[in-house]
Amino acid sequence: NLYYHLKVDPIKKAHASELNVGCFGAIRPMKNILTQAIASIILTDRMNTKLRFHINATRVEGGNEVLRNLRALFVGRKHELIEVPWLERIEMLKYISQLDIGLQVSLTESFNMVIADYVSMKIPVVVSSSIRWIRGKKPNVENPAEIADCMKFAISFPGETLANYQDLQDHNFFAQRKCNKWIQS
């Protein structure tokens, strides 16, 4: 996959006393969104801060139970589930620029455009081992406490975010070379 960067002016983070976590993409059972929400709650409870967990709730592909359970998870908690409609790419980039971290600790991802968008906006991310173009530490997808630990690490060490950005640049370089070889043959 090639990733095309778009120039977008980031929006300032508006919620300094809260942790804004993005877990975007279509809601599907294999996306592991509920486990990532639990991990986010674990982390924010440890930090004694409020969680604002952002998802796309208008593109549900076989994940109706996932969305229902996710909504139920946030009932009666100090934390908040933010349901965002599917946005055009420029608007999405602006939206994620104000988040603190992005998650895609899914069971079956590969390249993942949403994570590339976070990385292009220099937002810390945590991903599963299925997303091979990012070299950083990757948690066990079934362990919310381990995901929370990786989230804390990603937020605490800005060098990881810059390394992810370089990983995206490297991925694009090699993908472009492969594409050029294919076109020439």
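This briefing covers the sheet, one helix and the largest pocket of the structure. The model is predicted: local features need pLDDT of at least 70, side-chain atom pairs count only at pLDDT 80 or more, and totals for chains, interfaces and linings use all residues. Residues are numbered from 1 along each chain as its sequence is written, and side-chain values use heavy atoms, without hydrogens and water.

**Sheet**
- Five strands (DSSP E runs of at least two residues, numbered from the N terminus) form an open sheet in the order β3-β2-β1-β4-β5, with parallel pairing; two strands pair if DSSP finds at least two bridges between them.
- The edges are β3 (80-84) and β5 (125-127), each with a single partner strand, so one side of each has no neighbour in the sheet.
- From one strand to the next, the twist averages 25°; angles run from 0 to 180 degrees between N-to-C directions of axes fitted to C-alpha atoms, for helices over the stretch in contact.
- β4 (residues 101-104) runs parallel to β5 and is joined to it by 3 bridges.
- Q104 stands opposite V127 in β5.

**Helix on the sheet**
- Helix α1 (residues 33-47; helices are DSSP H or I runs of at least four residues) lies across β1 (18-22), β2 (50-56) and β4, where contact means heavy atoms within 4.5 Å.
- The angle between α1 and β2 is about 160°.

**Largest pocket**
- A pocket is an open set of points on a 1 Å grid over the protein atoms alone, where a 1.4 Å probe fits, with protein on both sides within 12 Å along at least five of seven lines.
- The largest pocket has a volume of about 280 Å³, taken as the space filled by probe spheres set on the points, which are joined across faces, edges and corners.
- Its lining has 17 residues, of which G25, R59, W86, M113 and V114 are the closest to the centre; lining residues have an atom within 4 Å of a point.
- α3 (89-96) and α4 (113-120) are the elements that give two or more residues to this lining, and α4 gives the most, with 3 residues.
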